[in-house]
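Biologist: I'd love a close look at one part of this predicted model. Could you take me through the nonpolar core and then outward from there, in one go?

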Amino acid sequence: MGSNGENLDLQQQVEFLEQKLAQAQKMAALGELVSTTTHEFNNILMTIINYAKLGLRHKDNATREKAFEKIFAAGNRAARITNSVLGMARNRSASQEPLNLTQLVEDTLLLLEREMNKYRIAVDKQFQPIPEAVVNGGQIQQILLNLLINARQAMPNGGRLLLKLLHDREEEMIDLVVRDYGCGIPADKLPRIFDPYYTTKTGPDSSGRGGTGLGLSTCREIIESHRGRIRVDSAVGKGTAFTIKLPTVRHAALRHPPVAAPIVAPTTPATDQPGVVAGS
Ligand SMILES: Nc1ncnc2c1ncn2[C@@H]1O[C@H](COP(=O)(O)OP(=O)(O)OP(=O)(O)O)[C@@H](O)[C@H]1O
Ligand SMILES: [Mg+2]
């Protein structure tokens, strides 16, 4: 058999494995959303059941009123979650449309509110007024879920999580920053974090999260398909900042061509020097 035949065979195998990987990434993302939503619903149901019991046990008006208020609030929360998840499910196509990222970030935080409380993570939001971005909402939510859960896992004893949204007028991009003050990533590991299956987690944690190593590789692919960029700045013991840049409606209208290949350089998150950049 000639080497040409072998090459073709290898090429086919690579293509087959790439398809498998893409499929696995989609499943991992869907699994993440399903497990997050199910967890949240379970928590809400517990609240509703417990306050219903309280109301049944106590006949006085004050206690019953409080119970009804709690049940009402929990029911509303569940409805808000269902609406946003259904919205995302409806928009499962690959289409990119003008979208309000602030709302999307708020919806995603709502999904993780309990989880962040449980791990004593204080979420600090610094949202500037921003124009709409041209994105696939479901895909961007998937990125956010992974970045937020990664940040939470980097702070096992709790801590602060800073979320920023700003308008980069020069480039006509929206900057979304997810910054944690957790363990950080060693400089020699930084170039590997976007590799498929690269993980330092031993498996799912106490909340059933993490460990496939597909999170960031999927993030990178999604951002590339949006002609955006992702960069990371990290310092061991200080924390990590991921910055995502996504085109605004105006940018999309101007049809800027894609730019820049990945650059690799570790820094501290406190500075503005280049970190690891991925994207088109
Ligand atoms: N905020 C962060 N702080 C510290 N390390 C991080 C952070 N985000 C990512 N990492 C490192 O990068 C690795 C890869 O992250 P990625 O999200 O791709 O996979 P994972 O979180 O390990 O598993 P998965 O997301 O598939 O459940 C992590 O295992 C971790 O070592
Ligand atoms: Mg992850």
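Modeller: Happily! The largest nonpolar core has 37 residues, and those with the most contacts inside it are Ile 143, Leu 144, Leu 147, Leu 148, Val 178, Phe 242 and Ile 244. Helix α4 gives the most to this core, with eight residues. At least two residues each also come from α3, β3 (133-135), β4, β5, α5, β6 (229-235) and β7. As a general point, nonpolar side chains in soluble globular proteins tend to be buried together. For context, the protein chain has 280 residues, of which 31% are buried. Its secondary structure comes to six helices and eight strands, and from the N terminus on the elements run α-α-β-α-β-β-α-β-β-α-β-β-α-β.

Let's start with strand β5, residues 173-180, where six of the eight residues are buried, leaving the strand mostly covered. β5 pairs with β4 (residues 159-168) in the antiparallel sense, over eight bridges. In that pairing, Leu 161 stands opposite Asp 180 of β5. The two strands form a hairpin with four residues between them, and Glu 172 in the turn has a positive phi of about 55°. β5 is also joined to β7 (residues 239-247) by eight bridges, again with the strands running antiparallel. Here Ile 174 is the residue of β5 that stands opposite Leu 246 in β7. Both of these partners of β5, β4 and β7, are on the list of elements that supply at least two core residues.

Next come the helices that feed the core. α5 is mostly covered, with eight of its 11 residues buried. Those buried residues are Gly 215, Leu 216, Ser 217, Thr 218, Cys 219, Arg 220, Ile 222 and Ile 223. Just after α5, Arg 227 takes a positive phi of about 55°.

α3 has 18 residues and reaches 26 Å from its first C-alpha to its last, close to the 26 Å expected at 1.5 Å a residue. It also bends, by about 55° at Leu 112. Leu 112 is itself one of the buried residues of α3, together with Leu 101, Leu 104, Val 105, Thr 108 and Leu 111. That spacing is worth a glance, because an α-helix has 3.6 residues a turn, so residues three or four places apart point the same way.

Following the chain out of α3 brings you to Arg 120, in the loop between α3 (101-118) and β2 (121-127). Phi of Arg 120 is near 55°, a positive value in a residue other than glycine. Most residues other than glycine have a negative phi. Arg 120 counts as exposed because it has 12 C-beta neighbours inside 10 Å, and 12 or fewer is the cut-off for that class. Tyr 197 offers a second case: its phi is near 70°, also positive in a residue other than glycine. Tyr 197 is found in the loop between β5 and α5, and it is exposed because only 10 other C-beta atoms lie within 10 Å.

The ligand brings us back to two of the core's helices. Of the 23 residues around ligand 1, Ala 154, Thr 199, Thr 200, Gly 215 and Leu 216 come nearest. α4 (137-153) and α5 (215-225) each supply at least two residues of this shell. Gly 215 and Leu 216 are also among the buried residues of α5. By type, the shell divides into nine nonpolar, 12 polar and two charged residues.

Finally, here are two places where residues some way apart along the chain can be compared in space. Asn 83 lies in helix α2 (residues 61-90) and is exposed, because 11 other C-beta atoms lie within 10 Å. Its C-alpha is separated by 9.6 Å from that of Asp 107, 24 residues apart along the chain. Leu 99 lies in strand β1 (residues 97-99). With 18 other C-beta atoms within 10 Å, Leu 99 is partly exposed. The C-alpha atoms of Leu 99 and Asn 136 are separated by 8.2 Å, although the two residues are 37 residues apart along the chain.

Definitions and conventions. Residues are numbered from 1 along each chain as its sequence is written. Chains are lettered from A and ligands numbered from 1 in the order in which they are written. This is a predicted model: local features need pLDDT of at least 70, side-chain atom pairs count only at pLDDT 80 or more; totals for chains, interfaces and linings use all residues. A residue is near a molecule or strand if its C-beta atom, placed from the backbone, lies within 6 Å of it. Ala, Val, Leu, Ile, Met, Phe, Trp, Tyr, Cys and Pro count as nonpolar, Asp, Glu, Lys and Arg as charged, and the others, Gly among them, as polar. A residue is buried if 20 or more other C-beta atoms lie within 10 Å of its own, exposed if 12 or fewer, and partly exposed in between; C-beta atoms are placed from the backbone. Two strands pair if DSSP finds at least two bridges between them. The expected span of a helix is 1.5 Å times one less than its number of residues. The bend at a residue is the angle between axes fitted to the seven residues ending there and the seven starting there. A nonpolar core is a set of buried Ala, Val, Leu, Ile, Met, Phe, Trp, Tyr and Cys residues joined through C-beta atoms within 7 Å.
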